[in-house]
Amino acid sequence: MKIEKAILAVITTNRSIVEGGAPIFVCETRKEAEDISANLEAITDGIAHQLSEELFIIVKH
């Protein structure tokens with residue numbers, strides 16, 4: 001079985017709004033969340049999506 005789409009990581013500045021099986025990166029500031037998202041996007045060959053002001057996900061398409 002080949003997984004073609006998956007959430008690889010969750011990046012947030014508000015730990016209380018996320019839970020689940022993907023790795024969660026909790027950041028102190030929005031700038032830090034943006035930087036972590038950009039780095040994870042490049043490292044994982046995924047795509048960063050901003051879901052709200054305090055929540056990003058990295059998705060493999």
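**Figure 1. The β3–β4 hairpin of the predicted model.** In this predicted model, two residues form the connection of the hairpin that joins β3 to β4. Strand β3 covers residues 47-52, and five bridges join this strand to β4 in an antiparallel arrangement. Within the pair, Ala 48 stands opposite Ile 58 of β4.

**Figure 2. The four-stranded open sheet.** The strands follow the order β2-β1-β4-β3, and their pairing is mixed. The edges of the sheet are formed by β2 (24-26) and β3, each of which pairs on one side only. On average, neighbouring strands are turned by 20° against each other, direction ignored. In contrast to the antiparallel β3 and β4, strands β1 and β2 run parallel and are joined by three bridges. Ile 11 stands opposite Phe 25 of β2.

**Figure 3. Helix α1 against the sheet.** Helix α1 packs on the sheet and touches β1, β2, β3 and β4. The direction of α1 makes about 5° with that of β4. The helix has 15 residues and reaches 21 Å from its first C-alpha to its last, close to the 21 Å expected at 1.5 Å a residue. After α1 comes Asp 45, which has a positive phi, near 60°.

**Figure 4. Buried and exposed faces of α1.** Ala 33, Ser 37 and Leu 40 are the buried residues shown in α1. Seen down the helix axis, the buried residues fall within an arc of 70° and therefore line one face of α1. An α-helix has 3.6 residues a turn, so residues three or four places apart point the same way. The cover over the buried residues of α1 includes β1, β2, β3 and β4. On the face turned away from this buried side, α1 carries the exposed residues Lys 31, Ala 42 and Ile 43.

**Figure 5. The largest nonpolar core and the surroundings of Ile 11.** Seven residues make up this core: Ala 9, Ile 11, Cys 27, Ala 33, Leu 40, Phe 56 and Ile 58. At least two of the core residues come from each of β1 (6-12), α1 (30-44) and β4 (55-60). Apart from this core lies another, of five residues, including Val 10, Val 18, Ile 57 and Val 59. When neighbours within four places in sequence are left aside, Ile 11 is in contact with Phe 25, Cys 27, Ala 33, Ile 36, Ser 37, Leu 40, Glu 54, Leu 55, Phe 56 and Ile 58.

Definitions and conventions
Residues are numbered from 1 along each chain as its sequence is written. This is a predicted model: local features need pLDDT of at least 70, side-chain atom pairs count only at pLDDT 80 or more; totals for chains, interfaces and linings use all residues. Side-chain values use heavy atoms; hydrogens and water are left out. A nonpolar core is a set of buried Ala, Val, Leu, Ile, Met, Phe, Trp, Tyr and Cys residues joined through side-chain atoms within 4.5 Å. Buried means under 20% relative accessible area, exposed over 50%, partly exposed in between (1.4 Å probe, protein chains only). Contact means heavy atoms within 4.5 Å. Two strands pair if DSSP finds at least two bridges between them. Axes are lines fitted to C-alpha atoms, for helices over the stretch in contact, and angles run from 0 to 180 degrees between N-to-C directions. The expected span of a helix is 1.5 Å times one less than its number of residues. The arc is that of the directions from the helix axis to the C-beta atoms.
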